[in-house]
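Dear colleague,

I am passing on the structure we spoke about, and my notes on it follow below. Please read them with the model open beside you.

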Amino acid sequence: MEDINKVRGSYDVTDLTSLEKLEPVRVRPGMYIGSTGSKGLHHCLWEVLDNSIDEISNGYGDRVTIILNKDKSVTIIDNGRGIPTGIHPVKKKSGVEMVYTELHTGGKFDNKNYKTSGGLHGVGAAVVNALSEWVEVEVYQNGEIHKQRFEYAYDKQLKKMMPGTPVTALKAVGKTTETGTKVTFKPDKMIFSTTDFKFEIIDERLQELAFQNKGIKLILIDDRFEDEVQKEYHSERGLLDFIDYINESKTVLHSQPIIFDGEREINGLSIYGEVCMQFTDSTSEYILSYVNNIPTRDSGTHESGFKTGMTRAFKEWAKKLNLIKEKDKEFEGDDLREGLTAIVRIKISNPVFEGQTKNKLGNNEAYTVMNDLAYTKFSEWIEDNKETASMFINNALDAAARREKIKKINEAEKKKVGRGTAPLAGKIAVCTLKEPELCEFIVVEGDSAGGSAKQARDRRFQAIMPSKGKIMNTEKQKLENVLSSEELKIFNTAIGTGVLDNYKEQELKYNKIIIMSDADVDGYHIRTLWMTYIYRYMRPLIANGHLFIALPPLYKVYKKDKKGEVIKYAYSDDELEAVKKEVGKGALIQRYKGLGEMNADQLWDTALNPATRTLQQVTIEDAAKSEKMVSLLMGDVVEPRKNYMYKYAEF
């Protein structure tokens with residue numbers, strides 16, 4: 001027995017560790033905010049913002065202001081009721097201290113104070129406190145201003161440094177005629193890889209919230225730079241404004257969007273659903289879904305119910321309108337939704353999310369309500385709009401025919417793979433390792449650079465695909481044209497996941513997909529074309545963190561003297577000046593016009609070597625913004641693109 005313990009390692013009660021108060025959050029922040037990068041940083045802001053929006057959604061207040069401060073802290077101010085400041089009869093603490101120092105504390109576990117809310121678990125405020133250097137809370141209530149400060153500080157009782165420690169008691173510091181809450185927090189740089197809040201990410205979130213809560217006023221102030229930036233958000237038409245915003249750069253098939261809503265109680269849950277949708281000439285569907293103002297990036301039961309109810313209604317009416325005979329093949333839901341832009345939102349009194357980050361809804365009741373609501377409302381709409389509905393159904397039948405054609409193309413390609421005659425053969429320098437988590441697939445602009453990359457790479461884990469030039473603009477192409485493109489076939493075969501609804505993450509052959517192009521206008525265009533294709537046809541590659549852009553240098557700065565040779569690289573004109581000073585007098589400068597000018601050693605050092613290269617991960621920080629930008633930059637509608645280019649000409 002003793003020998004076994006030596007081999008296995010002893011394990012008894014003395015090995016158990018008990019974490020105090022907010023320590024678990026700091027030890028495993030990913031459990032609460034998803035990551036400690038930019039996404040997790042902004043998630044902290046959303047946690048505080050969601051509390052303010054919950055007040056507004058339930059009829060308490062109509063205004064929220066966010067201020068990005070010079071010291072990298074952020075302030076959120078609302079005019080709601082304010083966090084309770086009274087002393088809890090059992091805990092003997094103020095409501096503010098309970099909310100910010102204890103997990104699972106809040107007023108949202110029943111429906112007394114909030115009919116619906118985005119914050120559910122009562123951990124948001126405490127998590128933000130745990131992951132901050134300091135937090136200050138001011139509450140405007142009962143004619144007084146109450147204030148309390150928390151810090152990562154020494155806890156006298158526990159005799160050690162603790163996160164979220166109250167360093168002052170909650171006390172009245174002044175008089176006021178306002179009500180509401182003001183929270184300022186400074187994210188801890190020991191926790192986060194970046195503490196720089198992105199104006200554009202917050203901008204998009206506030207725009208979404210304004211669309212979802214018509215009539216409210218949201219204000220974003222960026223006070224970090226010499227020239228203060230201030231932007232206000234307000235919508236009078238709600239989701240109708242939202243659909244116009246998303247489809248600005250698309251060609252719509254009907255001028256008047258379809259919008260409906262309804263409310264129902266099921267199994268003791270009150271559920272309100274609202275849908276706004278419009279068809280475009282795009283080849284892909286785009287659905288944004290929300291629960292209690294929270295974006296559900298991974299959809300959920302509310303979105304599934306909407307899809308099912310919509311398909312059921314249109315299939316029934318297709319037969320009533322004699323557009324489908326009994327013996328004909330029916331269209332599927334995917335065929336019907338081709339080109340659809342839709343916003344699906346619900347308010348539910350007790351939502352069940354998968355995980356604290358609330359990306360997917362799990363309530364079966366939401367499926368039932370949205371299924372019935374969509375079926376009923378679409379049936380009524382079709383009866384009043386038979387001509388437009390017939391157009392949608394005929395488009396779905398055309399899409400179904402294309403799907404069958406594409407299926408045959410895919411089956412033919414699979415047979416080629418089986419016979420060893422797939423387009424992959426001879427076009428890609430494959431790597432020797434077979435473990436996907438270790439491998440990289442690098443698309444390189446041009447045969448010349450592709451040749452250098454093949455010589456420079458580490459053939460154990462890096463596969464190279466030379467791209468002959470610009471692939472087609474897939475935003476403007478029919479699906480069958482995209483899938484018949486030779487270059488895209490090579491890429492698809494190499495990656496292995498399949499596309500669109502056939503995408504299977506478990507079939508992915510490479511952990512990193514890297515696009516490497518020249519740092520010029522053509523290079524940026526090539527990069528954009530590849531990102532557009534992946535965004536439209538393999539979006540999980542981006543969502544799951546697999547897509548990267550290689551950032552090769554613009555300049556080589558070098559000097560050779562008696563002390564030896566010094567080589568440095570600069571990635572921008574601004575960086576060049578700093579590098580020149582670092583290298584010193586006598587420095588020589590080489591400007592790279594393209595990847596093809598680099599020899600294998602230089603390409604390895606600057607773009608391929610994991611230890612020295614610079615990669616930029618492509619993320620979908622905000623789905624609505626991504627959708628709008630892809631359509632704007634790559635779509636057919638010229639005017640919005642022209643306006644954008646004039647606005648950002650200098651950039």
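**Serine 235 and its surroundings**

Serine 235 sits in the loop that runs between strand S9 (229–233) and helix H8, and please keep in mind throughout that this is a predicted model. With a relative accessible area of 1%, serine 235 is buried, because the cut-off for that class is under 20%. The side chain of serine 235 takes part in a polar contact of 2.8 Å with the side chain of aspartate 241, and a polar atom of that serine side chain also lies 3.0 Å from the backbone nitrogen of glycine 238. If the neighbours within four places in sequence are left aside, the residues in contact with serine 235 are Ala210, Phe211, Lys214, Gly215 and Asp241.

**Helices H7 and H8**

Two of the residues just named, Phe211 and Asp241, come back in the meeting of H7 with H8. The axes of helix H7 (residues 199–212) and helix H8 (residues 239–246) come within 7 Å and cross at roughly 140°, which means that H7 is oblique to H8. The crossing in which H7 passes H8 is left-handed. On the H7 side the residues are Glu204, Gln207, Glu208, Phe211 and Gln212, and they meet Leu239, Asp241, Phe242 and Tyr245 of H8. By character, the residues of this contact divide into four nonpolar, two polar and three charged.

**Serine 289 in strand S12**

Which side chains make polar contacts with that of serine 289? Serine 289, which belongs to strand S12 (residues 286–291), is joined through its side chain to the side chain of threonine 296 by a polar contact of 2.7 Å, and its side chain makes a further polar contact, of 2.9 Å, with the side chain of glutamate 303. Serine 289 is buried, with a relative accessible area of 4%. Apart from neighbours within four places in sequence, serine 289 has contacts with Ile294, Pro295, Thr296, Ser299, His302, Glu303 and Val344.

**Lysine 476**

Is lysine 476 buried or partly exposed? Its relative accessibility is 42%, and lysine 476 therefore counts as partly exposed. Lysine 476 is placed in the loop between strand S16 (462–467) and helix H14 (479–483). Although lysine 476 and aspartate 281 are 195 residues apart in sequence, their C-alpha atoms are 9.5 Å apart in space.

With best wishes

How values were computed:
Residues numbered from 1 in each chain as written. Predicted model: local features only at pLDDT ≥ 70, side-chain atom pairs only at ≥ 80, totals over all residues. Heavy atoms only, no water. Axes fitted to C-alpha atoms, helices over the stretch in contact; angles between N-to-C directions. Helix = DSSP H or I, 4+ residues; strand = E, 2+ residues; numbered from the N terminus. Parallel < 35°, antiparallel > 145°, perpendicular 65-115°, else oblique. Left-handed = near helix turned anticlockwise from the far one by under 90°. Contact = heavy atoms within 4.5 Å. Nonpolar A, V, L, I, M, F, W, Y, C, P; charged D, E, K, R; others polar. Buried < 20%, exposed > 50% of the residue type's maximum accessible area, 1.4 Å probe, protein only. Polar contact = N/O pair within 3.5 Å; in protein donor to acceptor, adjacent residues only side chain to side chain.
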